[in-house]
Amino acid sequence: MPMLRNPRHERFVQELATGKTADAAYVLAGYKENRSNAARLNASENIQKRVAEIQSLGAERAAITVETLIAEAESARSKAMG
């Protein structure tokens, strides 16, 4: 799913993906504080799909980083042994 067309919605999604509450993300996206509207936007199917996409990308990047660190540690261990 590409970035959302509405820049405020995309910012809302980005903040949710980092772990912010819907209320906080709503305000950070440039809206006036309104718990009801934040909850309604958070319940949107497009919003939830985009959050899931961003979080899965982050998980993939974290896995790659862990794999890289393990490979580097193994390389260093091999050099130390030999």
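**Notebook: Arg50 and an aromatic cluster**

I looked up the contacts of Arg50 and, leaving aside its neighbours within four places in sequence, found Met1, Pro2, Met3, Leu4, Glu10, Val13 and Gln14. I note that the model is a predicted one. I then located Arg50 in helix 4, which covers residues 45-81. Is Arg50 buried or exposed? I found a relative accessibility of 8% for Arg50; buried means under 20%, so Arg50 counts as buried.

Next I turned to the aromatic rings. I found 2 aromatic pairs in the structure. In one of them, the ring centres of Phe12 and Tyr26 are 6.3 Å apart and the planes stand at 90 degrees, so I recorded the pair as edge-to-face. This pair links distant parts of the chain, since Phe12 belongs to helix 1 (residues 7-17) and Tyr26 to helix 2 (residues 22-28), with their positions 14 residues apart.

I also examined Tyr26 and Tyr31. Their ring centres are 4.4 Å apart and their planes meet at 15 degrees, so this pair is stacked. I therefore asked which residues form one aromatic cluster. The members are Phe12, Tyr26 and Tyr31.

I checked how far each member is covered. Phe12 is buried, with a relative accessible area of 0%. Tyr26 counts as buried at 8% relative accessibility, and Tyr31 counts as buried at 18%.

Finally, I asked where the charged end of Arg8 sits. I found the charged end of Arg8 over the ring of Tyr31, 4.8 Å from the ring centre. Tyr31 is thus recorded here both in a stacked pair with Tyr26 and beneath the charged end of Arg8.

Conventions
Residues numbered from 1 in each chain as written. Predicted model: local features only at pLDDT ≥ 70, side-chain atom pairs only at ≥ 80, totals over all residues. Heavy atoms only, no water. Helix = DSSP H or I, 4+ residues; strand = E, 2+ residues; numbered from the N terminus. Buried < 20%, exposed > 50% of the residue type's maximum accessible area, 1.4 Å probe, protein only. Contact = heavy atoms within 4.5 Å. Phe/Tyr/Trp six-rings, centres within 6.5 Å; stacked < 30°, edge-to-face > 60°. Lys NZ or Arg CZ within 6 Å of the ring centre and 35° of its normal.
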